[in-house]
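Grab your viewer and work through the exercises below. Try each task yourself before reading the solution.

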Amino acid sequence: MSNVFISKHPLVAHKLTLLRSTKTEPKKFRELVRELGGLLTYEATQDLLTIPKQVETPMGTANGYELKEKIGLVPILRAGLGMVEGVWELMPSAEVWHIGLYRDERTLKPVEYYNKLPIEPRVSVCLILDPMLATGGSAVATVDILKRWGVKKIKFVGLIGAPEGIENLTRHHPDVPIHLAAVDERLNEIGYIVPGLGDAGDRQFGTG
Ligand code: PRP
Ligand code: URA
């Protein structure tokens, strides 16, 4: 699929393997989610628009650039929270807008429980952050919310996707690029990604 980008970076592959392991404790798990969030976002933002800007160096004038677009980070609670710090290190002026969704365990449909977006969007590009793209229900619902809010340019940045989730998000929102560290085999009968990494929220927050 043309709008799906799977990282080929060795650092991403190395860190994702550590992240998946049952031996990885919550403290290390959080560190890896943060680092992977930054690395994946670095790859996902290659096409951000810039405007020329001159700066004075101690030796003269340099022709440079500054970012043109105002960026919003939209972590899906809870698991997406862990990716924010890694991205913020790269773009400290990004605004962060939280969307709270959980999957109903029976239906696997997303249920919205938190949304404090202002009436008018103040950003022109939104990066949705969520480690897991399983059925894709949460991602589709979040893009729906952001498009209703008026954001024109949206990207999904995740860590592991299932083929089902990628297909669902691509079908509903073909204009939204999907950036991932890996695509796994399948979903199991309770909607978890196999082999995946288990429950990304529980493993970060020690709630499993
Ligand atoms: C997880 C994950 C995604 C969602 C993915 O969140 O962080 O938001 O599931 O599943 P989907 O693609 O089938 O919608 P969860 O609902 O477990 O909530 P949590 O982050 O609070 O644990
Ligand atoms: N949410 C998770 O945290 N893990 C999965 O495998 C699927 C959804």
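**Exercise 1.** How far does a polar side-chain atom of Arg78 lie from an oxygen atom of ligand 1?

*Solution.* Some ground rules come with it: this is a predicted model, where local features need pLDDT of at least 70, side-chain atom pairs count only at pLDDT 80 or more, and totals for chains, interfaces and linings use all residues. Residues are numbered from 1 along each chain as its sequence is written, chains are lettered from A and ligands numbered from 1 in the order in which they are written, and side-chain values use heavy atoms, with hydrogens and water left out.

- Step 1: the distance from the Arg78 side chain to the ligand 1 oxygen is 2.9 Å, a polar contact (a pair of N or O atoms within 3.5 Å).
- Step 2: find Arg78 in the loop between β4 (71–77) and α3; helices (H or I, at least four residues) and strands (E, at least two) are DSSP runs, numbered from the N terminus.
- Step 3: check the backbone there, and you'll see that the peptide bond from Leu77 to Arg78 is cis, with omega near -5 degrees.

**Exercise 2.** Which residues come nearest to ligand 1?

*Solution.*

- Step 1: there are 16 residues around ligand 1, counting those with a heavy atom within 4 Å of it.
- Step 2: Arg103, Asp130, Thr135, Gly136 and Ser138 come nearest.
- Step 3: look at the side chains. Arg103 puts a polar atom 2.8 Å from a ligand 1 oxygen, and Ser138 puts one 2.6 Å from a ligand 1 oxygen.

**Exercise 3.** Which backbone atoms lie 2.8 Å from ligand 2?

*Solution.*

- Step 1: list the surroundings, which include Arg103, Met132, Tyr192 and Asp199.
- Step 2: go for oxygen atoms of the ligand. A backbone N or O atom of Ile193 is 2.8 Å from one, and a polar backbone atom of Ala200 is 2.8 Å from one.
- Step 3: now try nitrogen, where a backbone N or O atom of Gly198 sits at 2.8 Å.
- Step 4: Pro195 is in the loop between β15 (193–194) and α6 (200–205), and a cis peptide bond joins Val194 to Pro195, with omega about 0 degrees.

**Exercise 4.** At what angle do the axes of α2 and α3 cross?

*Solution.*

- Step 1: fit lines to the C-alpha atoms over the stretch in contact, with angles running from 0 to 180 degrees between N-to-C directions.
- Step 2: the axes of α2 (residues 26–44) and α3 (residues 81–90) cross at roughly 50 degrees and come within 7 Å.

Note on methods. Polar contact = N/O pair within 3.5 Å; in protein donor to acceptor, adjacent residues only side chain to side chain.
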